[in-house]
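Reader: I have a model open in front of me and would enjoy a friendly tour of its empty spaces and one helix pair. Could you walk me through it?

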Amino acid sequence: MAEGISSHPFVADPSSSCIEETVGNRHSSEVTHSVFKNGRYFNPWDTWEDSSGKKLLKWVLFDKNKSNIPSSRELDETLPVHEIDYEAFREPPAEGSLRVTWIGHACTLVQLDGITFLTDPIFSRTCGPKSLIGRRRYRPCPAKVSDLPKIDAVFISHNHYDHLDENTVRELNQRFGESLRWFVPLGLKKWLLSTGCENVVELDWWQESRLESHPGITVACTPNQHWSRRTATDYCKTLWGSWVVKGPSASFYFAGDTGYCASFKEIGERYGPFTLAALPIGAYEPVWFKKAMHMSPREAAQVHVDVRAERSLGIHWGTFPLGSEFYLDPPEEAKKGMEELGMNPEDFIILQHGKVTVVGSS
């Protein structure tokens with residue numbers, strides 16, 4: 001590792017009652033470490049490229065937007081939003097299987113081996129500061145915090161507004177309080193505590209933890225290729241990551257928000273196979289600007305193979321207008337990617353907003 005660059009190990013605060021000792025630390029020469037230098041985190045792969053201000057300006061001013069998002073009436077036909085069947089969550093899925101709902105964007109509601117959890121919840125209409133300024137949903141959120149079943153944990157991939165929504169965080173904390181455990185990458189605990197959350201576990205890549213109420217379930221923070229920023233002065237001061245939830249009979253991988261990188265194979269080797277992997281498939285065009293930070297649907301198909309997923313679910317599409325691709329392209333492209341790899345395209349699941357399905361052994 002270059003001089004002045006180090007991995008940034010997690011150190012539990014022994015005075016905190018809501019953090020238990022991590023059950024594993026996979027920092028070794030066999031895996032890709034997080035890189036922390038001069039107060040900021042860096043992507044360690046040659047597949048990463050920082051997007052300059054000039055590129056951003058070129059995208060905003062000159063890129064042709066091909067998304068062609070239609071009226072709400074047409075969207076009700078092409079991209080319908082369903083009322084979530086919460087009754088289904090009253091009974092746990094069979095051993096070896098999990099239950100999942102796509103709430104929208106990178107938010108999923110998952111139930112496996114006795115726990116129920118959320119990924120990157122955002123129930124607000126707008127993703128931006130105080131949920132007031134920013135990109136607005138073109139598909140409404142099918143969920144309300146007040147309607148959710150008991151939630152045991154929330155997994156946050158990074159601090160961008162479309163993945164870490166302050167209003168949703170506060171509402172979840174108000175309803176579930178200290179019984180809800182938040183899992184976040186390094187540097188984000190302070191922000192969660194500032195919103196009133198108490199039960200926060202902050203992990204580095206390859207570190208593991210567990211839920212006190214369900215010690216048979218292992219949680220691991222794993223790498224992905226992205227970046228972080230929430231204000232004008234905090235560029236990459238907090239880490240980003242993906243998450244593994246490994247139960248006695250079923251397992252789930254949440255890739256977060258990411259470009260394609262070599263660590264997906266590392267994740268598959270150490271934690272695969274997975275009953276289900278939630279993989280981002282949208283906001284990938286223009287490729288010349290987005291490739292390093294947002295993988296394409298065909299790259300998502302490769303990640304399905306890399307992490308050794310039995311089935312995968314397409315996320316990070318169809319909710320906020322964040323990319324220039326035609327709004328219905330991501331699912332079709334993911335299926336094509338599976339076919340090109342000789343995989344069954346039906347193993348890459350596409351859910352409509354609010355739909356509930358069971359994946360795994362019957």
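**Pockets, a cavity and a helix pair**

Author: Happy to. In this predicted model, the largest pocket holds about 880 Å³ of space.

Reader: Which helix gives the most to the lining of the largest pocket?

Author: The lining has 29 residues, with Leu56, Trp59, His160, Trp227 and Met293 nearest the pocket's centre. Two elements give two or more residues to it, helix H1 (53-62) and helix H6 (287-290). With four residues, the top contributor is H1.

Reader: How many charged residues are in the lining of the second largest pocket?

Author: About 230 Å³ of space lies in that pocket, and 14 residues line it, among them Arg230 and Asp234. Helix H4 (residues 189-194) supplies the largest share, three residues. By class, the lining has four nonpolar and five polar residues, and the number of charged ones is five.

Reader: What is the volume of the largest cavity?

Author: The structure holds one cavity of 30 Å³ or more. Tyr138, Gly318, Phe320, Gly323 and Glu325 lie nearest the centre of the largest cavity, out of 17 lining residues. That lining divides into 10 nonpolar, six polar and one charged. The space inside is about 140 Å³.

Reader: Are H7 and H8 parallel, perpendicular or oblique to each other?

Author: Helix H7 (residues 297-306) and helix H8 (residues 329-340) have axes 7 Å apart, and H7 passes H8 in a right-handed crossing. Their packing angle is about 50°, which falls outside the ranges under 35, 65 to 115 and over 145 degrees. The two helices are therefore oblique.

Conventions. Residues numbered from 1 in each chain as written. Predicted model: local features only at pLDDT ≥ 70, side-chain atom pairs only at ≥ 80, totals over all residues. Heavy atoms only, no water. Axes fitted to C-alpha atoms, helices over the stretch in contact; angles between N-to-C directions. Left-handed = near helix turned anticlockwise from the far one by under 90°. 1 Å grid on protein atoms, 1.4 Å probe; cavity = no way out; pocket = protein on both sides within 12 Å on 5 of 7 lines; lining within 4 Å. Points joined across faces, edges and corners; volume = space filled by probe spheres on them. Nonpolar A, V, L, I, M, F, W, Y, C, P; charged D, E, K, R; others polar.
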